[in-house]
Amino acid sequence: MGKASSGCFFQQMCSSLAGISRERDHMKDFRRYLVLKYIQYLVLSSSNAISTLLGVLGSGYVMLILQSSRVSSKSTAVFISSLAKADLLIFVSAVAELFLWTSSAAVPRTAFTPALLQNLLVANAHISALLLSCVATEAYLITFFPMESRSLRTVRNARLTSRAIWLLVAAECILLQVYDVLKASSTSPSCGPTAWLFLLSSGAAALLRALSYLLGILLRIVNVYIYYKIFFSVSNRSAVRTK
C-alpha cells in the first residue's frame with residue numbers, strides 16, 4: 001500500500017512538472033539561461049560558487065524542458081542541450097570531491113585525482129565558452145544573413161560542431177592531465193622515455209594554457225561585438241517601423 005501510494009505520488013509529481021513545462025514559454029527560459037551562462041563564462045573573470053550553483057540548476061531545468069515535445073529540434077536547441085550537458089562535468093567533480101572528503105581516511109589521494117577534478121572544471125569552462133560563441137554566431141547569421149546561412153544552420157552541422165568541441169577539449173584535458181600527473185608524482189626526469197614525455201607534455205601544456213587564455217579574451221571580444229551589432233540592428237528596425 002505504501003509503495004503504491006509513493007508510486008502514484010511520483011507519477012503525479014512528474015505529470016505536474018511536465019504540465020508546468022508545457023505551459024511555460026520555453027524561448028524565454030532559454031534566453032534567461034543563455035544570459036546566465038554568458039555572465040558565468042564570458043563576463044565574470046572566474047566563476048564563483050553562487051554563479052556555478054545557479055548555472056548547474058539552470059542546466060538541469062533546461063535538460064528537463066528539452067524533453068518536451070513542444071521544443072522543436074533546431075540547431076540552437078542542439079547547442080543549448082550540449083551546453084547544459086557540459087555542467088555534468090561540474091556535478092561529477094563536486095560529487096567526487098565530496099566522496100574524497102568524506103572518505104579521506106580510507107581512500108588515499110594520489111596526484112591523479114586532484115588534477116583530474118581540476119581538469120574537469122577546465123573542460124566545462126572551455127566547452128561552455130565555445131558553445132556560447134556558437135550560439136552567438138548563429139544569432140548573428142539569423143539577424144544579418146537569414147537566407148544565405150540557412151544551409152549552414154542545420155541540426156546536423158550543429159551536432160557535428162558540438163561533437164568536435166567536446167573532442168578537442170577532451171584531447172586538451174588529457175594532455176593537461178598527463179602533464180599534471182608527471183609534474184606532481186616526481187621530479188623532472190633527466191633521461192629516458194619519461195624525460196621526453198615530460199618535456200613534450202610540459203611544452204604542450206604551456207602552449208595550450210597560453211592559447212586558451214588568448215582564445216578566452218578573443219571570444220569575449222567577438223561575443224560583445226556580435227551582440228552589439230544585433231542590438232543596434234534590431235533597434236534600428238524597430239525605429240523604422242514606428243515612423
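In this predicted model, a good place to start is Cys134, which counts as buried because its relative accessibility is 16%, under the 20% limit. Cys173 is buried as well, with a relative accessibility of 10%. As for bonds between cysteines, the structure holds zero disulfides.

Attention can now turn to the charged side chains. A search of the whole structure finds three salt bridges. One of them joins Asp29 to Arg32, with the closest N and O atoms 3.3 Å apart. Both residues belong to helix H2, which covers residues 26-43, and they sit three residues apart, about one turn of the helix. Asp29 has a relative accessible area of 8%, so this residue is buried.

Helix H2 also takes part in the salt bridge between Lys37 and Asp87, where the N to O distance is 2.5 Å. Lys37 lies in helix H2, whereas Asp87 lies in the loop between helix H4 (75-86) and helix H5 (88-102), so the pair ties together parts that are 50 residues apart in sequence. Is Lys37 buried or exposed? With 0% relative accessibility, Lys37 counts as buried. Its partner Asp87 is buried too, at a relative accessible area of 2%.

A further salt bridge brings together the side chains of Asp180 and Arg209, at 3.4 Å from N to O. This pair links distant parts of the chain, with Asp180 in helix H7 (residues 155-185) and Arg209 in helix H8 (residues 193-242), 29 residues apart. Asp180 is buried, with a relative accessible area of 18%, whereas Arg209 counts as partly exposed at 40% relative accessibility.

The aromatic rings come next. Across the whole structure, a search finds five aromatic pairs. One of these is formed by Tyr140 and Phe144, whose ring centres are 4.7 Å apart and whose planes meet at 45 degrees, so the pair is tilted. A pair of aromatic rings is described by the distance of the centres and the angle of the planes. Why are Tyr140 and Phe144 separated by about one helical turn? The reason is that they are four residues apart in helix H6, which runs over residues 112-144.

Both members of this ring pair are partly exposed: Tyr140 has a relative accessible area of 22%, and Phe144 has a relative accessibility of 27%. The grouping extends to another residue, as ring pairs link Tyr140, Phe144 and Phe145 into a cluster.

Methods: Residues are numbered from 1 along each chain as its sequence is written. This is a predicted model: local features need pLDDT of at least 70, side-chain atom pairs count only at pLDDT 80 or more; totals for chains, interfaces and linings use all residues. Side-chain values use heavy atoms; hydrogens and water are left out. A disulfide is a pair of cysteine sulfur atoms within 2.5 Å. Buried means under 20% relative accessible area, exposed over 50%, partly exposed in between (1.4 Å probe, protein chains only). Rings of Phe, Tyr and Trp (its six-membered ring) pair if their centres lie within 6.5 Å; planes under 30 degrees apart count as stacked, over 60 as edge-to-face and the rest as tilted. Helices (H or I, at least four residues) and strands (E, at least two) are DSSP runs, numbered from the N terminus. A salt bridge is a side-chain nitrogen of Lys or Arg within 4 Å of a carboxyl oxygen of Asp or Glu.
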